[in-house]
Amino acid sequence: MMIINLLGLGLIALIIWWFWLYKAQEIKMEDNELLITVENGVYSPSRIKLPVGTSIELTFLRKDPSPCAEMLLIPELQISESLPLNKVKRIPLPALKPGDYAFHCQMQMYKGQISAA
Ligand SMILES: [Cu+2]
């Protein structure tokens with residue numbers, strides 16, 4: 001009985017997660033910009049391709065309440081920003097040179113990479 005209840009809860013969680021993911025992708029398409037969510041230990045998407053030489057704004061939505069997820073660092077670009085919980089934060093990037101730029105939280109538990117080409 002207990003196991004069946006747990007399975008049911010797991011299924012509900014999966015459905016919520018699935019629908020949330022779908023919604024996030026929809027926002028991205030609609031605004032024609034990139035929304036990066038911060039949740040469950042990952043940035044999604046975590047690998048981002050950007051064109052060289054244009055200034056672009058990254059949009060972050062942090063859903064993870066842990067303090068670890070708060071800071072967003074892009075060391076090569078001297079970017080260090082705090083992400084408010086459940087609010088969209090826009091971070092303008094300078095025009096990029098070709099190369100890879102890592103971004104991560106303070107303790108590097110969340111990790112992502114921007115590739116400019
Ligand atoms: Cu962290």
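Strand 1 and strand 4 pair in the parallel sense, joined by four bridges. Within this pairing, Ile36 stands opposite Phe60 of strand 4. The model described here is predicted. Strand 1 spans residues 35-39, and four of its five residues are buried. The strand is thus described as mostly covered. Strand 1 also pairs with strand 2, residues 42-44. Here the two strands run antiparallel, and three bridges join them. Thr37 has Ser44 in strand 2 as its bridge partner. Strands 1 and 2 form a hairpin with two residues between the strands. In that hairpin, Asn40 takes a positive phi near 50°.

These strands belong to a chain with one helix and nine strands. The order from the N terminus is α-β-β-β-β-β-β-β-β-β. The helix therefore precedes the strands, given that elements are numbered from the N terminus. The chain has 117 residues, and buried residues make up 32% of them.

Helix 1 covers residues 2-31 and includes Met2. Met2 contributes to a nonpolar surface patch together with Leu6, Leu9 and Ile12. The patch amounts to about 440 Å². Met2 itself has a relative accessible area of 61% and is classed as exposed because this value is over 50%.

A copper ion is held by protein donors from Cys68 and Cys105. Cys68 supplies its O and SG atoms, and Cys105 supplies SG. These donors lie 1.8 to 2.8 Å from the copper ion. Cys68 sits in the loop between strand 4 and strand 5 (71-74). Cys105 sits in the loop between strand 8 (99-104) and strand 9 (111-116). The two residues are 37 apart in sequence, so the pair ties together separate parts of the chain. Both cysteines are buried. Cys68 counts as buried because its relative accessibility, 15%, is under 20%. For Cys105 the relative accessibility is 0%, so this residue is buried as well. The structure holds zero disulfides.

Salt bridges were searched for across the whole structure, and two were found. One joins the side chains of Glu57 and Arg90, with an N to O distance of 3.3 Å. This pair links distant parts of the chain, 33 residues apart. Glu57 belongs to strand 4 (residues 57-62), whereas Arg90 belongs to strand 7 (residues 88-92). Strand 4, the parallel partner of strand 1, thus also carries an end of this salt bridge. Glu57 has a relative accessible area of 39% and is partly exposed. Arg90 is likewise partly exposed, at 42%.

Lys89 and Glu81 form another salt bridge. Their closest N and O atoms are 3.1 Å apart. Lys89 has a relative accessibility of 21%, so this residue counts as partly exposed. Glu81 is partly exposed too, with a relative accessible area of 27%.

How values were computed:
Residues numbered from 1 in each chain as written. Predicted model: local features only at pLDDT ≥ 70, side-chain atom pairs only at ≥ 80, totals over all residues. Heavy atoms only, no water. Salt bridge = Lys/Arg side-chain N within 4 Å of Asp/Glu carboxyl O. Buried < 20%, exposed > 50% of the residue type's maximum accessible area, 1.4 Å probe, protein only. Donors = N, O, S within 2.8 Å, 3.2 Å for Na, K, Ca; no water. Disulfide = S-S within 2.5 Å. Pairing = 2+ DSSP bridges. Patch = residues over 30% accessible without salt bridge, like charges linked within 9 Å, V, L, I, M, F, W, Y side chains within 5 Å. Areas by Shrake-Rupley, 256 points an atom, 1.4 Å probe, with all protein chains shown as cover.
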